[in-house]
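Biologist: I would like to go through this structure and hear the reasoning behind each label. Please show it to me before we begin.

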Amino acid sequence: MTFGVRGVTVRFGDHVALDDVTLEAPPGRVTGVVGGDGSGKTTLLRVLAGALSPDAGEVRRPDPGRIGYLASGSGTYPDLTVDENLVFVATAYGVHASEVARRSGGYLERIGLAGARDRLAGHLSGGMRQRLGVICAMVHRPELLVLDEPTTGIDPVSRADLWWLIARAAAGGAAVVLSTSYLDEAERAASLLVLDRGGSLAAGTPEEIAAAVPGTVRRLRERPGGGLAGRAWRRGARWFAWEPPGSPPGEGEVVRPTLHEAVTVAALARELEAVGGGAP
Amino acid sequence: MTPLAQSIGVTRRFRHLVAVDGVDLRVDPGEVVGLLGANGAGKTTLIRMLLGLLPASDGRVLLFGRPPSRETRRRIGYVPQGLGLYDDLTPLENLAFARAAFGGALGELPAQVRPLARIPVGRLPLGVQRRVAFAQALAHGPDLLVLDEPTSGVDPLARARLWETIRGAAEAGAGVLVTTHHMDEAEECDRLVVMAQGRVVGEGSVEEIVGGARVVVVESPEWERALEALEGAGLSAALVGRTLRVPSTGVEEVGHALDGVPAILGEAGATLEERFLELTLAGTAA
């Protein structure tokens, strides 16, 4: 069964944290939610995991006992050891302690935590704690695994280990939903939802999102002046500019947008709409 | 040209641990150098030596052609990962405080941030907070900027805008040293230095570091079984969408490892992240 949310809106007082957002999370696949600070990623994941009720919209999720959820900033208990964390969480989901050891042993071995089983979680490095958090969230073999920014602030080696665990969960049939603020990481997901200030900016596979850019993206030699400056951005040594559909063609070579350009254009279009009432 | 910052065969030992082992690094005016490495690779120790906060056990560190001192410290702008701003003060108050404490000019806020100049920093979006931190670090016109994950946590457009500020400083002649764990950010740099186990294991542009490194791409309707088979054969495979990417191997070896699991095999150029992991694992095994 495909889990997800449809047309979900969440308000905190006057602030609309999520505005009519839809997300599909099929089993056996990794679905990415990407956006910056304040985009609504955490709110969406909390709604999906059942930690927050939306003001409007529909949520499809399994029974609470079949959900694994890692809140942002690691859901481990600092005063418990690695083993105690695992047993505590798994027991809460009705998994027997002997079964926990059987299931987690291989994982701990593979991701370099086997030697740390008796250490307090509070004494682990950020990357180790985060890896432990993900194992805790998946040790009861949930049908829906929700991970809020599991890789933020950790180094690339820890990140590779986390993705190994994520692949394991998906291979076992779980619908995995994870959030990130980095597009190169988001590109690893089978499908993506791009959020910006509570609204959906784009959705689909990374290829679909890149192909759906309206208008034209051009590569420029240098920073453009005049009216184009507001629609230009820089990446490394390269400059890009976006021409909305129907605008007169400018200079520079037309490039096929990558996911990175597509998301930048979507954010630009939204920003220009907010200031200029739509006209480029 | 005198490098802004330079380490020559620099080593740092903590008792029996060699945290930095004979590292040569230089940052020239106008260039953005990215320093990459897993935790424990020695990046922080190297930077602390470059900033003059920690003496080297061996080798030499030069800032602006001289040993680090209070004088050289004044010519550096530093933005830590935690940004170093006071949450309860507004952007303007933060800048005024920095001037009162460290001297120099009052930092100038970018035009888009000015309307928010009287709101406490803790209530501003992260992208805006980062721009305030940049303004603070740039206030005294530093010759060398040291930035720790400068655009972590923000969306791509906000990241592009922050990088315009960083690029602007480099074009005005400053040297920039960036440490990061994220390849999106690393790809913004002119030159990268990759560290593992205290040593430099790779150096150059993104293209030079990736070089000819390839991965085998496995497309299988049963990727779960393919993953199982590859790992059973001791190969590490990364899941991307519904394909598997296997580094440091060849099509033939992967074909054997799959042992009859239906799959289409191809090859592709490695990403910077894949190459980084390869270099790091090789550096750790050595």
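**Labels and their reasons**

Modeller: In chain A, 68% of the contacts with a separation of 6 or more join residues 24 or more positions apart. Bear in mind that this is a predicted model.

Biologist: What is the corresponding share of the contacts in chain B with a separation of 6 or more?

Modeller: In chain B, residues 24 or more positions apart account for 71% of those contacts.

Biologist: What secondary structure do the chains have, and what do they span?

Modeller: Chain A has eight helices and 13 strands, and its C-alpha trace spans about 70 × 40 × 30 Å along the principal axes. Chain B has ten helices and 13 strands, and its C-alpha atoms fill a box of roughly 70 × 45 × 35 Å. Of the 280 residues in chain A, 50% are buried; of the 286 in chain B, 46% are.

Biologist: Why is α4(A) called largely enclosed by the rest of the structure?

Modeller: A residue counts as buried if 20 or more other C-beta atoms lie within 10 Å of its own. Twelve of the 13 residues of α4(A) are buried, so the helix is described as largely enclosed. Among them are Gly127(A), Arg129(A), Leu132(A), Ile135(A) and Met138(A).

Biologist: What do the buried residues of α4(A) pack against?

Modeller: They pack against the strands β5 (67–70) and β6 (144–147) and the helices α2, α3 and α5 (156–171), in chain A.

Biologist: How do you know that the reach of α4(A) is close to the expected one?

Modeller: The expected span is 1.5 Å times one less than the number of residues. For the 13 residues of α4(A), 126–138, the expectation is 18 Å, and the helix reaches 19 Å from its first C-alpha to its last.

Biologist: What makes α2(A) oblique to α3(A)?

Modeller: The axes of α2(A), residues 82–92, and α3(A), residues 97–110, come within 9 Å and cross at roughly 120 degrees. Angles of 65 to 115 degrees count as roughly perpendicular and those over 145 as roughly antiparallel. The crossing angle belongs to neither class, and therefore the pair is oblique. The crossing is right-handed.

Biologist: Which residues make that contact?

Modeller: Leu86(A), Val87(A), Ala90(A) and Thr91(A) come from α2(A), and Ala97(A), Val100(A) and Ser104(A) from α3(A). By class, five are nonpolar, two are polar and none is charged.

Biologist: Why is α4(B) called roughly parallel to α5(B)?

Modeller: The two helices, residues 126–138 and 156–171 of chain B, pack at an angle of about 5 degrees with their axes 10 Å apart. Angles under 35 degrees count as roughly parallel, so α4(B) and α5(B) are given that label. In the contact, Gly127(B), Arg130(B), Arg131(B), Phe134(B) and Leu138(B) of α4(B) meet Ala158(B), Leu162(B), Thr165(B) and Ala169(B) of α5(B). These divide into five nonpolar, two polar and two charged residues.

Biologist: What makes the phi of Arg197(A) worth a remark?

Modeller: Most residues other than glycine have a negative phi. Arg197(A) is not a glycine, yet its phi is positive, about 45 degrees. Arg197(A) sits in the loop between β8 (191–196) and β9 (199–204) of chain A. Leu83(B) likewise has a positive phi, near 75 degrees, and lies in the loop between β5 (76–79) and α3 (91–102) of chain B.

Biologist: Why is Leu83(B) called buried, and why is Arg197(A) called partly exposed?

Modeller: The cut-off for buried is 20 other C-beta atoms within 10 Å, while 12 or fewer would make a residue exposed. Leu83(B) has 20, so it is buried. Arg197(A) has 19, so it is partly exposed.

Biologist: Why does Asp148(B) count as partly exposed?

Modeller: Asp148(B) has 19 C-beta neighbours inside 10 Å, so it falls between the limits for exposed and buried. Asp148(B) is in strand β6 (residues 144–148) of chain B. Leaving aside neighbours within four places in sequence, Asp148(B) is in contact with Val79(B), Pro80(B), Gln81(B) and Thr179(B).

How values were computed
Residues are numbered from 1 along each chain as its sequence is written. Chains are lettered from A and ligands numbered from 1 in the order in which they are written. This is a predicted model: local features need pLDDT of at least 70, side-chain atom pairs count only at pLDDT 80 or more; totals for chains, interfaces and linings use all residues. Axes are lines fitted to C-alpha atoms, for helices over the stretch in contact, and angles run from 0 to 180 degrees between N-to-C directions. Helices (H or I, at least four residues) and strands (E, at least two) are DSSP runs, numbered from the N terminus. A crossing is left-handed if the near helix is turned anticlockwise from the far one by less than a right angle, and right-handed if clockwise. Two residues are in contact if their C-beta atoms, placed from the backbone, lie within 7 Å. Ala, Val, Leu, Ile, Met, Phe, Trp, Tyr, Cys and Pro count as nonpolar, Asp, Glu, Lys and Arg as charged, and the others, Gly among them, as polar.
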